[in-house]
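The exercises below concern one protein chain. Each gives a task, followed by a solution in steps.

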Amino acid sequence: MNIQTWATAVRRGESASRLLAANLAMLKHVIPILLLPTLCLANDENPDVPTELRIFVAANTSLLAYAGADLNGDGLSDYVFILERQKMHDAAPETETGQRPLKIALRQPDNSLKVVKTNHKIMFCSTCGGVFGVPFAELSATAKSFRVSHYGGSNWRWTNNFQFNYSRRDDTWQLVRVEESAFHTSDPETLETLIYKPPKDFGKIDIADFDPENFKGVGKK
(Lines give C-alpha, C1' and ligand atoms only; values in the text may rest on other atoms or scores of the structure.)
Protein backbone atom coordinates (compact mmCIF):
# COMPACT_ATOMS: atom_id res chain seq x y z
CA MET A 1 0.00 0.00 0.00
CA ASN A 2 1.55 3.33 -1.01
CA ILE A 3 1.48 6.64 0.88
CA GLN A 4 -1.40 8.12 -1.06
CA THR A 5 -3.51 5.01 -0.47
CA TRP A 6 -2.77 5.04 3.25
CA ALA A 7 -3.68 8.73 3.60
CA THR A 8 -6.84 8.45 1.54
CA ALA A 9 -7.99 5.35 3.40
CA VAL A 10 -7.58 6.98 6.78
CA ARG A 11 -9.18 10.26 5.78
CA ARG A 12 -12.19 8.52 4.28
CA GLY A 13 -12.48 5.97 7.07
CA GLU A 14 -12.31 3.13 4.56
CA SER A 15 -9.87 1.00 6.59
CA ALA A 16 -10.98 1.74 10.15
CA SER A 17 -11.25 -1.89 11.25
CA ARG A 18 -7.73 -2.61 10.00
CA LEU A 19 -6.24 0.49 11.57
CA LEU A 20 -7.88 0.56 15.00
CA ALA A 21 -5.19 -1.50 16.76
CA ALA A 22 -2.71 1.38 16.99
CA ASN A 23 0.41 0.98 19.06
CA LEU A 24 0.24 4.37 20.77
CA ALA A 25 3.37 3.64 22.81
CA MET A 26 5.34 4.33 19.65
CA LEU A 27 4.34 8.00 19.72
CA LYS A 28 7.60 8.89 21.47
CA HIS A 29 9.36 8.13 18.18
CA VAL A 30 7.27 10.52 16.10
CA ILE A 31 9.43 13.17 14.51
CA PRO A 32 9.26 16.68 16.10
CA ILE A 33 7.54 18.32 13.11
CA LEU A 34 4.42 16.37 14.00
CA LEU A 35 3.98 18.11 17.36
CA LEU A 36 1.28 20.75 17.54
CA PRO A 37 2.73 24.28 17.57
CA THR A 38 0.64 25.86 20.34
CA LEU A 39 1.71 29.39 19.46
CA CYS A 40 -0.30 29.31 16.25
CA LEU A 41 -3.38 27.63 17.67
CA ALA A 42 -6.25 29.97 18.47
CA ASN A 43 -9.68 30.15 20.01
CA ASP A 44 -12.11 32.84 21.01
CA GLU A 45 -11.04 32.73 24.66
CA ASN A 46 -7.34 33.17 23.86
CA PRO A 47 -6.34 36.80 24.58
CA ASP A 48 -3.36 36.43 22.23
CA VAL A 49 -5.65 36.17 19.21
CA PRO A 50 -5.34 39.48 17.31
CA THR A 51 -8.48 41.56 17.72
CA GLU A 52 -8.35 42.53 14.04
CA LEU A 53 -8.90 38.89 13.03
CA ARG A 54 -12.06 38.51 15.09
CA ILE A 55 -14.11 40.40 12.51
CA PHE A 56 -13.64 37.45 10.14
CA VAL A 57 -15.01 34.92 12.64
CA ALA A 58 -18.71 34.52 11.92
CA ALA A 59 -21.36 33.04 14.20
CA ASN A 60 -20.96 29.29 14.86
CA THR A 61 -17.34 29.59 13.71
CA SER A 62 -14.07 29.66 15.63
CA LEU A 63 -10.54 30.71 14.76
CA LEU A 64 -8.55 27.47 14.67
CA ALA A 65 -5.08 28.81 13.84
CA TYR A 66 -3.29 31.80 12.36
CA ALA A 67 0.17 32.94 11.32
CA GLY A 68 1.40 36.43 10.56
CA ALA A 69 4.02 37.47 7.98
CA ASP A 70 4.54 39.78 5.02
CA LEU A 71 2.81 37.40 2.65
CA ASN A 72 3.03 39.48 -0.53
CA GLY A 73 6.32 41.31 -0.04
CA ASP A 74 4.93 44.83 0.27
CA GLY A 75 6.49 45.49 3.66
CA LEU A 76 3.21 45.16 5.59
CA SER A 77 2.17 42.46 8.04
CA ASP A 78 -0.52 40.07 6.77
CA TYR A 79 -2.25 36.93 8.03
CA VAL A 80 -3.04 33.44 6.85
CA PHE A 81 -5.62 31.86 9.12
CA ILE A 82 -7.95 28.88 9.45
CA LEU A 83 -11.54 29.00 10.60
CA GLU A 84 -13.60 26.09 11.86
CA ARG A 85 -17.35 25.90 11.36
CA GLN A 86 -19.16 24.44 14.37
CA LYS A 87 -22.15 22.12 14.28
CA MET A 88 -25.44 23.87 14.94
CA HIS A 89 -26.30 21.19 17.54
CA ASP A 90 -24.71 18.01 18.88
CA ALA A 91 -26.98 15.73 16.85
CA ALA A 92 -26.02 17.36 13.55
CA PRO A 93 -23.88 15.22 11.19
CA GLU A 94 -20.14 15.77 11.08
CA THR A 95 -18.98 18.25 8.45
CA GLU A 96 -16.38 16.71 6.15
CA THR A 97 -16.35 19.25 3.32
CA GLY A 98 -15.55 22.93 3.82
CA GLN A 99 -15.48 22.66 7.60
CA ARG A 100 -12.16 24.46 7.88
CA PRO A 101 -11.65 27.21 5.29
CA LEU A 102 -8.19 28.73 4.99
CA LYS A 103 -8.06 32.45 4.28
CA ILE A 104 -5.40 35.03 3.44
CA ALA A 105 -5.92 38.60 4.66
CA LEU A 106 -3.65 41.34 3.31
CA ARG A 107 -2.86 44.60 5.06
CA GLN A 108 -4.32 47.59 3.21
CA PRO A 109 -2.85 51.12 3.00
CA ASP A 110 -5.29 52.28 5.71
CA ASN A 111 -4.02 49.46 7.99
CA SER A 112 -7.21 47.42 7.67
CA LEU A 113 -7.21 43.77 6.59
CA LYS A 114 -8.91 42.41 3.49
CA VAL A 115 -9.47 38.73 2.73
CA VAL A 116 -8.14 38.14 -0.78
CA LYS A 117 -8.02 34.34 -1.00
CA THR A 118 -10.03 31.44 0.40
CA ASN A 119 -9.56 27.69 0.06
CA HIS A 120 -12.21 25.22 1.23
CA LYS A 121 -10.33 21.97 0.53
CA ILE A 122 -6.75 22.20 1.81
CA MET A 123 -7.75 21.54 5.43
CA PHE A 124 -8.93 18.06 6.38
CA CYS A 125 -12.00 17.76 8.59
CA SER A 126 -11.76 17.42 12.38
CA THR A 127 -12.48 13.67 12.27
CA CYS A 128 -10.32 12.80 9.25
CA GLY A 129 -7.21 11.79 11.18
CA GLY A 130 -7.98 8.14 11.93
CA VAL A 131 -7.63 7.25 15.61
CA PHE A 132 -6.08 10.67 16.17
CA GLY A 133 -9.33 12.33 15.13
CA VAL A 134 -8.06 15.85 14.49
CA PRO A 135 -5.44 15.68 11.70
CA PHE A 136 -4.31 19.33 11.74
CA ALA A 137 -0.66 19.67 12.77
CA GLU A 138 0.72 23.07 11.78
CA LEU A 139 0.16 26.40 10.07
CA SER A 140 3.31 28.46 9.58
CA ALA A 141 4.27 31.51 7.53
CA THR A 142 7.37 33.43 6.53
CA ALA A 143 7.90 36.28 4.07
CA LYS A 144 5.92 35.48 0.89
CA SER A 145 5.36 31.86 1.91
CA PHE A 146 3.20 29.67 4.13
CA ARG A 147 2.77 25.99 4.88
CA VAL A 148 0.00 23.69 6.11
CA SER A 149 0.69 20.28 7.66
CA HIS A 150 -1.46 17.32 8.71
CA TYR A 151 -0.77 14.16 10.69
CA GLY A 152 -2.96 11.11 11.25
CA GLY A 153 -3.42 7.37 11.00
CA SER A 154 -3.22 4.42 13.35
CA ASN A 155 -0.83 1.52 12.81
CA TRP A 156 0.05 3.29 9.58
CA ARG A 157 0.89 6.94 10.34
CA TRP A 158 0.86 9.54 7.59
CA THR A 159 1.85 13.18 7.24
CA ASN A 160 1.62 15.78 4.53
CA ASN A 161 3.00 19.27 4.05
CA PHE A 162 1.67 21.76 1.49
CA GLN A 163 3.81 24.83 0.78
CA PHE A 164 2.71 27.92 -1.16
CA ASN A 165 4.87 30.86 -2.29
CA TYR A 166 3.80 34.27 -3.50
CA SER A 167 4.18 35.00 -7.22
CA ARG A 168 4.56 38.70 -8.00
CA ARG A 169 3.88 38.01 -11.70
CA ASP A 170 0.54 36.34 -11.01
CA ASP A 171 -0.18 38.25 -7.77
CA THR A 172 -1.19 35.12 -5.90
CA TRP A 173 0.14 32.21 -3.84
CA GLN A 174 0.95 29.06 -5.78
CA LEU A 175 1.75 25.51 -4.76
CA VAL A 176 5.51 24.91 -4.80
CA ARG A 177 5.96 21.72 -2.79
CA VAL A 178 3.98 18.75 -1.50
CA GLU A 179 5.61 16.27 0.86
CA GLU A 180 3.85 13.05 1.85
CA SER A 181 5.31 10.58 4.34
CA ALA A 182 4.16 7.37 5.99
CA PHE A 183 5.50 4.78 8.40
CA HIS A 184 4.27 1.82 10.43
CA THR A 185 4.34 2.09 14.22
CA SER A 186 6.13 -1.26 14.40
CA ASP A 187 9.02 0.23 12.42
CA PRO A 188 9.01 4.04 12.82
CA GLU A 189 12.58 4.34 11.55
CA THR A 190 11.44 3.22 8.10
CA LEU A 191 9.83 6.36 6.75
CA GLU A 192 8.71 6.48 3.13
CA THR A 193 8.56 10.01 1.73
CA LEU A 194 7.36 11.33 -1.60
CA ILE A 195 8.00 14.91 -2.73
CA TYR A 196 6.18 16.67 -5.56
CA LYS A 197 7.33 19.94 -7.16
CA PRO A 198 6.53 21.99 -10.25
CA PRO A 199 6.89 21.82 -13.17
CA LYS A 200 7.55 18.08 -13.17
CA ASP A 201 4.58 17.01 -11.06
CA PHE A 202 2.14 19.90 -11.48
CA GLY A 203 1.84 23.37 -12.97
CA LYS A 204 0.61 26.66 -11.55
CA ILE A 205 -1.97 25.96 -8.87
CA ASP A 206 -3.54 28.94 -7.12
CA ILE A 207 -4.21 28.51 -3.39
CA ALA A 208 -7.88 29.17 -4.06
CA ASP A 209 -8.02 26.20 -6.45
CA PHE A 210 -5.80 23.71 -4.62
CA ASP A 211 -7.30 20.29 -3.90
CA PRO A 212 -5.06 17.89 -1.91
CA GLU A 213 -6.85 14.96 -3.55
CA ASN A 214 -6.26 16.25 -7.07
CA PHE A 215 -3.09 18.24 -7.73
CA LYS A 216 -0.75 15.95 -9.68
CA GLY A 217 -0.71 16.91 -13.35
CA VAL A 218 -2.94 19.91 -12.65
CA GLY A 219 -2.18 23.50 -13.67
CA LYS A 220 -0.62 25.32 -16.58
CA LYS A 221 3.12 24.75 -16.96
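The chain exposes about 11400 Å², and carbon and sulfur atoms supply 52% of this area. The model is a predicted one.

**Exercise 1. Describe the chain as a whole: its secondary structure, its burial and its contacts.**

Step 1. Count the elements: the chain has two helices and nine strands. Read along the sequence, they follow the pattern α-α-β-β-β-β-β-β-β-β-β.

Step 2. Turn to burial. Of the 221 residues in the chain, 48% are buried.

Step 3. Consider contacts between residues at least 6 apart in sequence: 50% of them join residues at least 24 apart.

**Exercise 2. Determine how strand β3 is placed and what pairs with it.**

Step 1. Check the burial of strand β3 (residues 102–107). Six of its six residues are buried, so the strand is largely enclosed by the rest of the structure.

Step 2. Separate the two faces. One side carries Leu102, Ile104 and Leu106, the other Lys103, Ala105 and Arg107, and all of these are buried.

Step 3. Find the pairing with β2. The two strands, β2 and β3, are antiparallel and share four bridges; Val80 stands opposite Ile104 in β3.

Step 4. Find the pairing with strand β4 (residues 113–119). Six bridges join β3 to β4, again in the antiparallel sense, and Lys103 has Thr118 of β4 opposite.

Step 5. Inspect the hairpin of β3 and β4. Five residues lie between the strands, and Asn111 takes a positive phi near 80 degrees.

**Exercise 3. Characterise the surroundings of Tyr79.**

Step 1. Locate the residue: Tyr79 belongs to strand β2 (residues 78–85).

Step 2. Assign its burial. The relative accessible area of Tyr79 is 10%, and the limit for buried is under 20%, so Tyr79 is buried.

Step 3. List contacts, leaving aside neighbours within four places in sequence. Among the partners of Tyr79 are Pro50, Leu53, Tyr66, Leu71, Ile104 and Leu113. Glu52 and Lys103 are also in contact with Tyr79.

Step 4. Look at two of these partners in detail. The side chains of Tyr79 and Glu52 are joined by a polar contact of 3.2 Å. Lys103 is 24 residues from Tyr79 along the chain, and their C-alpha atoms are separated by 8.2 Å.

**Exercise 4. Lay out the five-stranded sheet and identify its edges.**

Step 1. Write the order: β5-β6-β7-β8-β9, an open sheet with antiparallel pairing.

Step 2. Identify the edges. β5 (136–142) and β9 each have a single partner strand, so one side of each is left without a neighbour in the sheet.

Step 3. Add the twist, which averages 15 degrees from one strand to the next.

Step 4. Examine one pairing. β5 and β6 run antiparallel and are joined by six bridges; Glu138 has Ser149 in β6 as its bridge partner.

**Exercise 5. Classify two of the aromatic pairs.**

Step 1. Start from the total: the structure holds 10 aromatic pairs.

Step 2. Take Phe146 and Phe164. Their ring centres are 5.3 Å apart and their planes stand at 10 degrees, so this pair is stacked. Phe146 is in strand β6 (residues 145–153) and Phe164 in strand β7 (residues 156–167), 18 residues apart. Both Phe146 and Phe164 are buried.

Step 3. Take Phe202 and Phe215. Here the centres are 6.0 Å apart and the planes at 80 degrees, so this pair is edge-to-face. Phe202 and Phe215 both lie in the segment after β9 (187–196), 13 residues apart. Each of them, Phe202 and Phe215, is buried.

Step 4. Place the pairs in context. Ring pairs link Phe146, Phe162, Phe164, Tyr196, Phe202, Phe210 and Phe215 into a cluster.

Conventions: Residues are numbered from 1 along each chain as its sequence is written. This is a predicted model: local features need pLDDT of at least 70, side-chain atom pairs count only at pLDDT 80 or more; totals for chains, interfaces and linings use all residues. Side-chain values use heavy atoms; hydrogens and water are left out. Rings of Phe, Tyr and Trp (its six-membered ring) pair if their centres lie within 6.5 Å; planes under 30 degrees apart count as stacked, over 60 as edge-to-face and the rest as tilted. Buried means under 20% relative accessible area, exposed over 50%, partly exposed in between (1.4 Å probe, protein chains only). Contact means heavy atoms within 4.5 Å. Accessible areas come from the Shrake-Rupley method with a 1.4 Å probe; for residues, only the protein chains shown count as cover. Two strands pair if DSSP finds at least two bridges between them. Axes are lines fitted to C-alpha atoms, for helices over the stretch in contact, and angles run from 0 to 180 degrees between N-to-C directions. A polar contact is a pair of N or O atoms within 3.5 Å; within protein, one must be able to donate a hydrogen and the other to accept it, and residues adjacent in sequence count only if both atoms are side-chain atoms.
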